[in-house]
Every structure is written in C-alpha cells, then in structure tokens.
Amino acid sequence: MARSTNGLIEEETMMDDRIPVGVLGATGAVGQKLVEFLIGHRWFRLAEACGSPSSSGRELAGGSNAGEDSASQQQESLRLKDPASPWESPILLSALPTSAAQEQEVRLAEAGHVVVSNASTHRMRPDVPLIVPEVNPQHLELVTGQAWDGALVTNPNCAVAGLALALAPLHDVFGVERIVVTSFQAISGAGTPGPPASSLLDNVLPLIPGEEEKFTGEPQKILGLLQDGVLAPAEFPVSASCTRVSVSDGHLLSISAALSGSPSPEMVTAAMEEYRGSEVSRALPSVPKKPLEVMLGADRPQPRLDRDRGNGMTVTVGRIRTCEVLDVKFFALAHNLVRGAAGAALLNAELCHAEGLLARR
Ligand SMILES: NC(=O)c1ccc[n+]([C@@H]2O[C@H](COP(=O)([O-])OP(=O)(O)OC[C@H]3O[C@@H](n4cnc5c(N)ncnc54)[C@H](OP(=O)(O)O)[C@@H]3O)[C@@H](O)[C@H]2O)c1
C-alpha cells in the first residue's frame with residue numbers, strides 16, 4: 001500500500017520476488033499453520049495449495065488465527081488444486097497424511113521440486129535427511145544420494161522434535177547412553193478432527209498407535225554422525241510411553257537420561273543454557289532466539305503457559321534434577337504444531353534455500 005499525493009491510500013502493485021511455495025494438506029491442522037506462517041514471510045510466498053482430491057476447487061481458508069484482515073483476505077484468490085495436478089513452485093511443504101505422502105512426495109521430488117515433509121513416510125530412508133536445523137543441518141548432504149531431479153527432506157515426529165532438541169546439548173557435551181521418556185501429547189497432534197471429546201474428557205489415553213516406535217529410530221538418526229556421505233545413527237536406546245491428554249496444543253515430555261560421566265543436574269542445566277544451535281540455523285528467518293530455554297520455576301514448563309515461547313519454536317525445559325534410577329530427569333515441552341510440525345518444516349525449507357539446494361536443482 002502507498003499514500004498518493006491527494007492523501008488517499010491506494011494499492012501499489014509491487015514486484016514480489018519472494019520464492020513461490022506450495023502447501024500440500026493445506027486444510028489440515030499442520031497445513032493451516034503453514035498457511036498462517038507464510039503470510040508476510042521474508043523469503044517465501046504462498047503460491048499454490050491443495051487439500052484432498054475432494055477439496056479441489058474450494059477456496060483456501062486462512063490460518064488458524066485468520067481474522068478479517070489476515071490469511072483469508074490475502075489468500076482470497078487461492079483455490080485448492082487437485083494434489084495430482086502439476087505444481088509450479090520450486091519448494092513444496094507437505095502436510096499430507098502418511099498414505100498420501102507415499103503416493104505423492106517421491107513423484108514430486110522426481111518432478112524436480114524440493115519437497116519438505118512433515119509425514120513419517122520417508123523419514124527413516126537412508127537417503128532422506130531428517131533435520132532439525134539447529135542440531136544437524138549438515139545431514140542435508142544426504143540429498144546428494146537421492147536419484148531425483150528434486151529432493152526430499154523431512155522433519156521429526158512432533159514429540160521427537162522436543163526430545164531431540166533437549167538431548168542435543170547433552171549428547172554434544174556428555175554423550176547420551178539411555179533414555180526413558182513418557183509423553184503427554186496434545187489433542188491437535190492427532191490432526192483433524194482428532195479423537196472424540198467423549199474419549200478425552202476427564203481422561204488420559206495410554207496408547208497413541210505407532211507413536212512409541214518413532215522414538216526408537218528418529219532421535220538416533222538426528223543425533224547421528226555423517227561421515228563420507230554415510231549416516232551412523234547414535235546408539236542410545238529409548239524406552240518411550242506415549243499418552244494423549246486433554247490439552248489443546250503442546251506436547252510435554254518427562255525424560256530420564258543416563259549420560260556419560262554421570263553429570264550433576266547443575267552441569268546438565270549449564271549445558272542446556274549454553275546451547276545456541278548450529279551457526280547456519282541462526283541466520284534463518286523462523287529460528288527462535290533460544291532453541292532451548294531452561295525455566296527455573298518449580299512447576300514449569302506447562303503447556304498453556306509455555307508452548308508459545310519463541311513463537312512456538314522454543315523447546316522449554318524445567319525441573320532438572322537427580323534421577324534415582326538413571327542420572328538426571330527433567331521435563332521438556334514443545335508446541336507440536338509449530339516446533340513439531342509447521343515451524344519445523346518452514347525452518348527446513350529456509351535451510352534448503354540458505355544452503356543453495358534450490359539453485360542446485
Ligand atoms: N498434528 C501434528 O501435531 C503433527 C505433527 C507432526 C507431523 N504431523 C504429520 O503431518 C501430516 C499432517 O498432519 P495433520 O495433523 O495436519 O493432519 P490432518 O489435520 O488430518 O490434515 C490432513 C491434510 O491432508 C489432506 N488430505 C487427506 N487425504 C489426502 C489425499 N489423499 N491426498 C492429498 N491430501 C489429502 C487433508 O485434506 P482435506 O481437508 O480435503 O481432507 C488435509 O489437508 C501427517 O503426516 C502427520 O502425521 C502432524
């Protein structure tokens with residue numbers, strides 16, 4: 001918008017040289033957050049989007065915070081495509097369910113797009129990087145082993161994202177030996193529409209099908225060592241128990257850790273407080289000032305009070321204390337839709353651009 005000489009506000013047609021981006025699964029819980037985060041993004045602009053085939057042709061609704069002057073207005077003219085139709089954007093952010101990701105993501109990477117995915121489908125393929133930019137940006141190199149004209153890059157499971165960031169400084173400084181973790185996972189982690197209210201109210205569900213298995217491979221891949229193009233996963237075992245609780249957003253983890261040298265809670269606190277994440281991540285638009293924040297309050301972190309720290313990208317840690325069975329125990333909290341999904345994918349897309357992946361394709 002610009003002010004003309006007669007004082008009236010008038011539209012200014014400006015060249016928008018931001019990189020066009022497509023969102024797959026744009027009508028879901030994660031996709032709506034992606035739409036919201038792309039509004040006003042410094043490097044990217046939302047150019048195309050899809051839901052399921054049955055949603056094609058519908059107008060894209062704005063992000064979850066869409067008010068009268070936000071997403072819905074700015075994306076007024078954007079209609080949902082058929083996911084199988086050709087895409088134009090060099091970067092595609094995927095929030096597809098696993099089955100649709102299986103059908104679509106490799107096809108789109110073959111067609112030359114850089115696909116940045118939230119889905120679990122391809123995370124554990126040896127040639128697909130599983131990245132948290134503050135922790136393992138160097139793993140992006142794995143895409144050189146991909147046979148496609150484009151590339152496929154993934155971010156971790158929403159609960160693993162918090163665990164991986166909390167363990168990163170401990171693995172760097174001491175070495176992680178064993179982990180026992182119990183998760184208290186929010187309703188939005190189940191996507192839309194999620195479990196029925198009657199099963200959640202006044203209750204805790206002690207099973208999230210398929211979730212605990214993700215803890216036995218993803219943290220180890222993220223904290224693994226890449227040497228001569230081959231990734232050696234970290235070797236620590238994780239025993240996970242995952243529960244669904246009646247919280248809207250934010251996955252809380254209770255973590256007990258055995259660490260090399262059995263450091264004290266004070267040493268663990270210092271390692272976490274000093275953690276700043278990789279240098280390359282610090283220049284990315286969506287990175288928070290602190291990837292990890294230690295809270296000293298006796299009853300923190302709490303989902304309702306702490307999930308939005310760092311615009312939802314900061315993992316909050318608290319109650320670091322001696323563990324009677326392993327070495328130390330503590331709580332960690334991550335916003336599942338942001339650090340665990342949409343914000344994570346956007347940060348990965350920014351890393352791909354910063355590392356010249358778009359130019360190479
Ligand atoms: N929720 C979280 O906290 C979270 C965190 C990390 C990762 N993830 C992963 O991210 C992905 C999306 O999760 P979500 O929670 O956003 O799920 P969701 O709310 O169920 O949304 C699914 C999206 O995919 C679309 N879709 C469904 N079937 C499709 C098909 N056959 N082809 C193309 N699009 C299709 C839906 O469109 P319609 O509206 O037209 O049905 C909707 O836009 C999943 O792989 C999930 O595991 C989720």
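Here a visitor asks a guide about the pockets, the ligand and the backbone of this predicted model.

Visitor: What is the volume of the largest pocket?
Guide: Let's start with the places that meet in the middle of the pocket. Among the 45 lining residues, V30, L96, P97, G189 and G191 are the closest to its centre. The space they help to line has a volume of about 970 Å³.

Visitor: Which element gives the largest share of the lining of the largest pocket?
Guide: Four elements give two or more residues to this lining: α1 (29-38), α3 (98-110), α6 (211-214) and α10 (338-354). The largest share is 4 residues, and the element that provides them is α3.

Visitor: How many residues of the lining of the largest pocket are charged?
Guide: We can sort the lining by class. There are 19 nonpolar and 21 polar residues. The charged residues in the lining come to 5.

Visitor: Which domains each give at least three residues to the lining of the largest pocket?
Guide: Look for stretches of chain on the lining that belong to a domain assignment. One contributor covers 2-156 + 342-360, and another covers 158-335. Each gives at least three residues, and their names are domain 1 and domain 2.

Visitor: Which residue has a polar side-chain atom 2.5 Å from an oxygen atom of the ligand?
Guide: The ligand is surrounded by 27 residues, and the closest are T27, S52, S55, L96 and T192. One of these puts a polar side-chain atom 2.5 Å from a ligand oxygen, and that residue is T27.

Visitor: What distance separates a backbone N or O atom of V30 from an oxygen atom of the ligand?
Guide: Backbone atoms take part here too. For G28, a backbone N or O atom lies 3.1 Å from an oxygen atom of the ligand. For V30, the distance from a backbone N or O atom to a ligand oxygen is 2.8 Å.

Visitor: How much of the accessible area of the ligand does the protein cover?
Guide: Begin with the ligand on its own, which has 900 Å² of accessible area. With the protein in place, the covered part of that area is 79%.

Visitor: Which element gives the most to the lining of the largest cavity?
Guide: The count here is 1 cavity of 30 Å³ or more, and the largest cavity holds about 50 Å³ of space. Its lining includes A161, L165, A344 and N348. Two elements, α4 (158-173) and α10, give two or more residues to that lining. With 3 residues, the one that gives the most is α10.

Visitor: How many residues in the lining of the largest cavity are nonpolar?
Guide: Sorting by class helps again. The lining of the largest cavity has 2 polar residues and 1 charged residue. Its nonpolar residues number 7.

Visitor: Where does P301 lie?
Guide: Most peptide bonds are trans. The bond that joins R300 and P301 is cis, with omega about 5°. To place P301, find β13 (292-295) and α9 (303-306); P301 is in the loop between β13 and α9.

Visitor: What is the value of phi of S262?
Guide: Most residues other than glycine have a negative phi. S262 sits in the loop between β12 (251-259) and α8 (265-274). This residue is not glycine, yet its phi is positive, near 45°.

Terms used. Residues are numbered from 1 along each chain as its sequence is written. This is a predicted model: local features need pLDDT of at least 70, side-chain atom pairs count only at pLDDT 80 or more; totals for chains, interfaces and linings use all residues. Side-chain values use heavy atoms; hydrogens and water are left out. On a 1 Å grid over the protein atoms alone, a cavity is a set of points where a 1.4 Å probe fits but cannot get out, and a pocket is an open set with protein on both sides within 12 Å along at least five of seven lines; lining residues have an atom within 4 Å of a point. Grid points are joined across faces, edges and corners, and a volume is the space filled by probe spheres set on the points. Ala, Val, Leu, Ile, Met, Phe, Trp, Tyr, Cys and Pro count as nonpolar, Asp, Glu, Lys and Arg as charged, and the others, Gly among them, as polar. Domain bounds come from an automatic or database domain assignment. A residue is near a molecule or strand if one of its heavy atoms lies within 4 Å of it. A polar contact is a pair of N or O atoms within 3.5 Å; within protein, one must be able to donate a hydrogen and the other to accept it, and residues adjacent in sequence count only if both atoms are side-chain atoms. Accessible areas come from the Shrake-Rupley method with a 1.4 Å probe; for residues, only the protein chains shown count as cover.
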